[in-house]
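Work through the exercises below with the coordinates open. Each task is followed by a stepwise solution.

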Amino acid sequence: MAVAYFPGCTLSTKASGYDRSGRAVAQALGMTLEELPEWQCCGATFPLSIDNSMALIAPTRVLAQAQQAGEHVTTLCAICFHVLRRTQNFLSHQPEVLERINWFTEEPYLGATRVSHFLELLRDELTWEGLSQQVKRPLTGLKVAPYYGCLLLRPPTEIGLDDPDEPTILHDCLAAAGCEVISFPYQSECCGSYLAVSKPDLPEKLAGDILASAGRHGAQALVTACPLCQFNLDYPQRAEAHPAGKGIPVLYFTQLLAVALGLEQEAWGMDGHYVDPLPLFSSQAAPASASPA
Amino acid sequence: MPRIGVFVCHCGHNIAGVVDVQAVVEGVKQREDVVFATDYKYMCSDPGQQLIRESIAKYELDGVVVAACSPAMHETTFRKTVAAEGLNPYRCESANIREQVSWVHQQEKEEATRKAIEIARSIAEKVKGNEALESLVLPLTRRTLVIGGGIAGMQAALDVADAGYPVILVEKNERLGGKMSRLSGTYLNFSAAPDMLKKKIARVLSHPNILTLTRAEVVSLSGYVGNFQAAVISKEAPPAQEAPETEPAEAARAEGDVSDEHEFHFEVGAIIVATGWQPYPLERLPEYGSGELPDVIDGLAFETILASKEGIHRPSDGAIPQEIVFVQCAGSRDPEKGVPYCSKVCCMVVAKQAMLYKECVPTGQAYVFYIDIRSAGKGYDEYVQRAMTDSQVIYLRGKVSKVFNETSRPGSKVIVWGSDTLGDRAVEIAADLVVLATPMAPDSSAVELGQRLHISTDANGFYNEAHPKLRPVETLTAGIFLAGAGQGPKDIPESAAQASGAAAKVLQLFSHDEMTASPLVATVIAELCAACGACVKVCPYGARTIHPVWNIATVNAALCQSCGACVVACPNKASQVHNWRPEQILAMVDEVL
């Protein structure tokens, strides 16, 4: 199965480990993520002004680029997913706005492209059971706390991925990989989002609360589907702020899946982290051929 | 030849602004049998009705058509008017030239006038064929079934029993008292609740006119106002000494051999439904811990703690809570995630509970999160003010977003996140105990019991009253009345007041010598009936049966709602509705065409 794939800016730069592990996991599961031949920024925020037309041009262009590749485009970045799905949803109810935006796009967007998050593909196409059957190195005993953040789930009427108050999609995914999944009260609290740029103190405080709670609940790692969450939780634990080795690694779900599916360490994409996650997998790090799996 | 009078109403400009009422008068006069016709500004006014009465006498009318508003509006008015002049009320009909003509044809005045004339003439044709009917007389059983033995049910039972009529009180639990028996005290006057209740229960149990059945349920109901047949199953034998003086248990047949269930059959004339409320389940409040956090409890559970003599100890480790948070509207006024309605009593209950807490734990601190304080009632707001000032309870205006345990270790706090919208800040309180003022939900049996009794419930499961303002204790099923929180959230005084209101309605019913009902019901022409049973199948009210001896279809006039389904179904035209006979209807059509 091949699916059109929109990586987005962050996964091409800062979060390349998410991109690399995601593509490798999809490949291993028999799904090819085919990067759109041409794409640009999704707009990064879903606009909430009275006339959104101008700010919707960027995501609409992405949707127009995607419709040439197929009926369906998937993303890994929670923010891109949020913006594209809400744009798609908004335009499907606003044909006049779509017509106006199409004056500014090279190709007119026809309004029918389906936007999914890769987690949705795993849940709805592959199923969790199908995923767990392909796990070669179950991460038994690894205590991980899913961290959902805001944009992956909210607003539920437009996103519709999962219950925003009691989400399970990351829980189910990680359980399929064999992890011991831990719920904690801060799992859908805000990480501080873009305030990392304008008010860097605030995300640091919020991250401190989130990490402390996860630590109290015994989590060895936090797992997210959003590059901004990952950065906001990981960066405050950088070496100059925290003594080395004391932090809680913050991983993408695709990275854990890459380990569980028995992929080469190169595919894990774990080289850009402030808190090194590799020690968690010292037992799994052995070459696949030598594994007793 | 009948002598019909036609009275055309202007309804101010409502009719006369569109319809040429003079033309209608002239138009109906074309009929030979219309011996008098006139118009008047407001026919329903006293002078208008007087005009009708005088005309009946003067022109010796034996039929009246009032061409005015819908019969739903004033048919009864005009039938009473003609009856006062000695004319049979069923010889009077309304011709609807307002809702069906002037209001819907405002731009087509000429056609409207023509249509009004045709309607008035066809109704005159109907009056010509109308029989002079007499009201039906039905028997009346002066015994009452009260379902639910809480404060409302007991109050209603006592009021009816004190007036001298037998009452059967059915309670599904082992004891009388309902939710009130779980309260530590009432607001306004703390201590009195348990005593008040004990006295009430004692009075009910010793009342010679009340038969109390506990662990009992009404399993079926048939019949109609004045003549219901109720079947009750009780898991306990009836207390023999409390039999009402008039043969209540006469039909009772115990089937105790097979199981410890006893089935009773009662003839009753009226029913009061007082099944009350139950707390909304905590499992439906995931943001407040889904009922899984031991130190997050609902108001009724806190009442049990307050009522115990050992002081206030929290459930997890028995510690005395030094910081306690009350969350108002926990699930109420939340159409998306909880219930849309306000439970009305919680503002007062929370004020009471916070004050009682402060009495027990003077060094402790109580916080109340609220959306707004709803303390309408005599002395109610003063009471809440006392909680704020005398008891130093901290009231924070805002909602609580989340309640959770950070650890499950003994002695751990419950973290409460809320907002203080007056202080414009987010609030975090590490509390020892959290009390959720959850919604009053209707008793879980309400919807099913409602179906069994043929009374409706609303979207939230509360029983529907007949009219939200003017008939608050009646249901749309005649003879069945409502009392207490089963009809909507209420406090004790309101429940007691509604119960007394329901009892008054029962006594009003019992004050009649006999019951009368409209004679406009279906009837069967015996000679034409082939006893095929088609009408029995289509009757939605169960009013039709095939008579076992005569072998023809019969109509239970008390159940018949004259819908006409049997008329349509009958292949032989043996089924007819009085004053809507087929030949009458055909003649009305002929008059128009």
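**Exercise 1. Locate Ala574(B), decide whether it is buried or exposed, and list its contacts.**

Step 1. Place the residue. Ala574(B) sits in the loop between helix H15 (565-569) and strand E29 (575-577) of chain B. The model is a predicted one.

Step 2. Count neighbours. Ala574(B) has 22 C-beta neighbours inside 10 Å. The cut-off for buried is 20 or more. Ala574(B) therefore counts as buried.

Step 3. List the partners. Neighbours within four places in sequence are left aside. Ala574(B) is then in contact with Val524(B), Ile525(B), Leu528(B) and Cys529(B).

Step 4. Check a distance. Gln22(B) is 552 residues from Ala574(B) along the chain. Their C-alpha atoms are separated by 42 Å.

**Exercise 2. Describe chain B as a whole: its secondary structure, its box and its buried share.**

Step 1. Take the elements. Chain B comes to 16 helices and 29 strands.

Step 2. Take the extent. Along the principal axes, the C-alpha atoms of chain B fill a box of roughly 95 × 65 × 40 Å.

Step 3. Take burial. Chain B has 593 residues, and 43% of them count as buried.

Step 4. Take contact range. Consider the contacts in chain B with a separation of 6 or more. Residues 24 or more positions apart account for 69% of these.

**Exercise 3. Classify the packing of H3(B) and H4(B), and name the residues that make the contact.**

Step 1. Get the geometry. Helix H3 (residues 46-59) and helix H4 (residues 71-84) of chain B pack at an angle of about 40°. Their axes are 9 Å apart.

Step 2. Classify the angle. Roughly parallel needs an angle under 35 degrees, and roughly perpendicular needs 65 to 115. H3(B) and H4(B) are therefore oblique to each other.

Step 3. Add the hand. The crossing of H3(B) and H4(B) is right-handed.

Step 4. Name the residues. H3(B) contributes Gln49(B), Ile52(B), Arg53(B) and Ile56(B). H4(B) contributes Thr81(B), Val82(B) and Ala84(B).

Step 5. Sort them by class. The contact of H3(B) with H4(B) has 4 nonpolar, 2 polar and 1 charged residues.

**Exercise 4. Work out which way the residues of strand E7(B) point, and how E7(B) pairs with E6(B).**

Step 1. Recall the rule. In a regular strand, side chains alternate between the two faces of the sheet.

Step 2. Apply it. In strand E7 (residues 167-170) of chain B, Val167(B) and Leu169(B) point one way. Ile168(B) and Val170(B) point the other way. All are buried.

Step 3. Add the partner. Strand E6 (residues 144-147) of chain B runs parallel to E7(B), and 4 bridges join the two. Ile147(B) stands opposite Val170(B) in E7(B).

**Exercise 5. Lay out the sheet of chain A and find its edges.**

Step 1. Order the strands. In chain A, 4 strands form an open sheet in the order E2-E1-E3-E4, with parallel pairing.

Step 2. Find the edges. Strand E2 (32-35) and strand E4 (114-117) of chain A stand there. Each has a single partner strand, so one side of each is left without a neighbour in the sheet.

Step 3. Read the twist. It averages 45° from one strand to the next.

Step 4. Check one pair. Strand E1 (residues 2-5) and strand E3 (residues 72-75) of chain A are joined by 2 bridges. Tyr5(A) stands opposite Thr74(A) in E3(A).

Step 5. Add the helix. Helix H6 (residues 118-126) of chain A packs on the sheet and touches E1, E3 and E4 of chain A. The direction of H6 makes about 90° with that of E4(A).

**Exercise 6. Examine the backbone at Ala44(A), Asn551(B) and the bond between Arg154(A) and Pro155(A).**

Step 1. Recall the norm. Most residues other than glycine have a negative phi, and most peptide bonds are trans.

Step 2. Take Ala44(A). Its phi is positive, about 70°. Ala44(A) lies in the loop between E2 and helix H3 (53-69) of chain A. It counts as partly exposed because it has 18 C-beta neighbours inside 10 Å.

Step 3. Take Asn551(B). Its phi is positive too, near 55°. Asn551(B) is in the loop between strand E27 (544-546) and strand E28 (553-555) of chain B. With 11 C-beta neighbours inside 10 Å, Asn551(B) counts as exposed.

Step 4. Take the peptide bond. Arg154(A) and Pro155(A) are joined by a cis peptide bond, with omega about -10°. Pro155(A) lies in the loop between strand E5 (143-146) and helix H8 (156-159) of chain A.

Terms used: Residues numbered from 1 in each chain as written. Chains lettered and ligands numbered in written order. Predicted model: local features only at pLDDT ≥ 70, side-chain atom pairs only at ≥ 80, totals over all residues. Axes fitted to C-alpha atoms, helices over the stretch in contact; angles between N-to-C directions. Parallel < 35°, antiparallel > 145°, perpendicular 65-115°, else oblique. Left-handed = near helix turned anticlockwise from the far one by under 90°. Contact = placed C-beta atoms within 7 Å. Nonpolar A, V, L, I, M, F, W, Y, C, P; charged D, E, K, R; others polar. Buried ≥ 20, exposed ≤ 12 C-beta atoms within 10 Å, placed from the backbone. Pairing = 2+ DSSP bridges.
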